[in-house]
Amino acid sequence: MNQRSQSRSAARLAAVQALYQRHMEKTPLARLLDEFHQHRLGREIEDGEHYADAEVDFFDDIVSGVDARSDEIDELVTAKLAAGWTLARLDKTMVQILRAGTYELIARADVPKAAAISEYVDVAKAFFDDREAKFVNGLLDAVAKQVR
């Protein structure tokens, strides 16, 4: 994986974490972005381990874009859920993965559809088992077919 791909992957993972924090703590957007810039992106975690250097502008675009277009994104995601399912019934981290992936599909034409889907499947694997990763793949693929 080249440096740009790695820094974008790191930005996606950090964006999902930031969106989760915003959802749980209602952190104002500007403060949230600043906190991630100052303390998370590319910083030391512990014992000399570092967060991967994330592409900051890409991170900002995903977090701000999901925030700005949340109603549109949630509508697209909800429409692809099985009958009787709502975003409220899904794991809160899963919701943020689906939101970030959907945002990339609708707003980042520079990112190939397959790459965006594959990246968020990888993000899902950081938190969940294969079953949930397959769910992310299927749902984002359905969204992609509709929006691209």
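**Figure 1. Tryptophan 85 in the loop between helix H4 (70–80) and H5.** In this predicted model, tryptophan 85 counts as partly exposed, at 34% relative accessibility. Alanine 100 serves as the reference point for the view: its C-alpha atom and that of tryptophan 85 are separated by 19 Å. The two residues are 15 positions apart along the chain.

**Figure 2. Overall fold of the protein chain, with seven helices and zero strands.** Read along the sequence, the pattern is α-α-α-α-α-α-α. The radius of gyration is 15 Å, close to the 15 Å given by the globule rule for 148 residues, so the protein chain is as compact as a globular protein of that length. Along its principal axes, the C-alpha trace spans about 45 × 35 × 30 Å. Of the 148 residues, 43% are buried. Among contacts with a separation of 6 or more, 69% are accounted for by residues 24 or more positions apart.

**Figure 3. Surface and charges of the protein chain.** The accessible surface comes to about 8,000 Å², and 47% of this surface belongs to carbon and sulfur atoms. The protein chain carries 20 positive and 26 negative charges. The mean positions of these two sets of charges are 6 Å apart. Side chains of opposite charge can pair when their charged atoms come close. The structure holds eleven salt bridges; views of individual pairs follow.

**Figure 4. The salt bridge between aspartate 110 and arginine 8.** The closest N and O atoms of this pair are 3.7 Å apart. The pair links distant parts of the chain, 102 residues apart: aspartate 110 belongs to the loop between helix H5 (92–107) and helix H6 (113–127), and arginine 8 to helix H1 (residues 3–25). Aspartate 110 is partly exposed, with a relative accessible area of 45%. Arginine 8, at 10% relative accessibility, counts as buried, because the cut-off for a buried residue is under 20% relative accessible area.

**Figure 5. The salt bridge between arginine 12 and glutamate 104.** The closest N and O atoms of the two side chains are 2.8 Å apart. Arginine 12 lies in helix H1 and glutamate 104 in helix H5, so the salt bridge ties together parts that are 92 residues apart in sequence. Both arginine 12 and glutamate 104 are buried.

**Figure 6. Surroundings of arginine 12 in helix H1.** The relative accessible area of arginine 12 is 4%, and the residue is buried. Leaving aside residues up to four places away in sequence, arginine 12 touches Phe58, Ile62, Glu104, Val111, Glu119, Tyr120 and Val123. One of these neighbours, Glu104, is the salt-bridge partner shown in the preceding view.

**Figure 7. The salt bridge between aspartate 67 and arginine 22.** The side chains meet with an N to O distance of 2.8 Å. Aspartate 67 is in helix H3 (residues 56–68) and arginine 22 in helix H1, and the pair links distant parts of the chain, 45 residues apart. Aspartate 67 counts as partly exposed, at 30% relative accessibility. Arginine 22 is also partly exposed, with a relative accessible area of 22%.

**Figure 8. A network of salt bridges that share partners.** Arg8, Glu55, Asp61, Arg108 and Asp110 are joined into one network. Two of its members, Arg8 and Asp110, form the pair described in Figure 4, with closest N and O atoms 3.7 Å apart.

**Figure 9. Lysine 26, a residue other than glycine with a positive phi.** Most residues other than glycine have a negative phi. The phi of lysine 26 is near 55 degrees. Lysine 26 is placed in the loop between H1 and helix H2 (29–39). At 60% relative accessibility, lysine 26 counts as exposed.

**Figure 10. Lysine 145 in helix H7 (residues 130–147).** Lysine 145 counts as exposed, at 59% relative accessibility. The view also includes alanine 109, which is 36 residues from lysine 145 along the chain. The C-alpha atoms of lysine 145 and alanine 109 are separated by 14 Å.

Conventions:
Residues numbered from 1 in each chain as written. Predicted model: local features only at pLDDT ≥ 70, side-chain atom pairs only at ≥ 80, totals over all residues. Heavy atoms only, no water. Helix = DSSP H or I, 4+ residues; strand = E, 2+ residues; numbered from the N terminus. Rg over C-alpha atoms; globule rule 2.2 N^0.38 Å. Buried < 20%, exposed > 50% of the residue type's maximum accessible area, 1.4 Å probe, protein only. Contact = heavy atoms within 4.5 Å. Areas by Shrake-Rupley, 256 points an atom, 1.4 Å probe, with all protein chains shown as cover. Lys, Arg positive; Asp, Glu negative; His and termini not counted. Charge placed at Lys NZ, Arg CZ, Asp CG, Glu CD.
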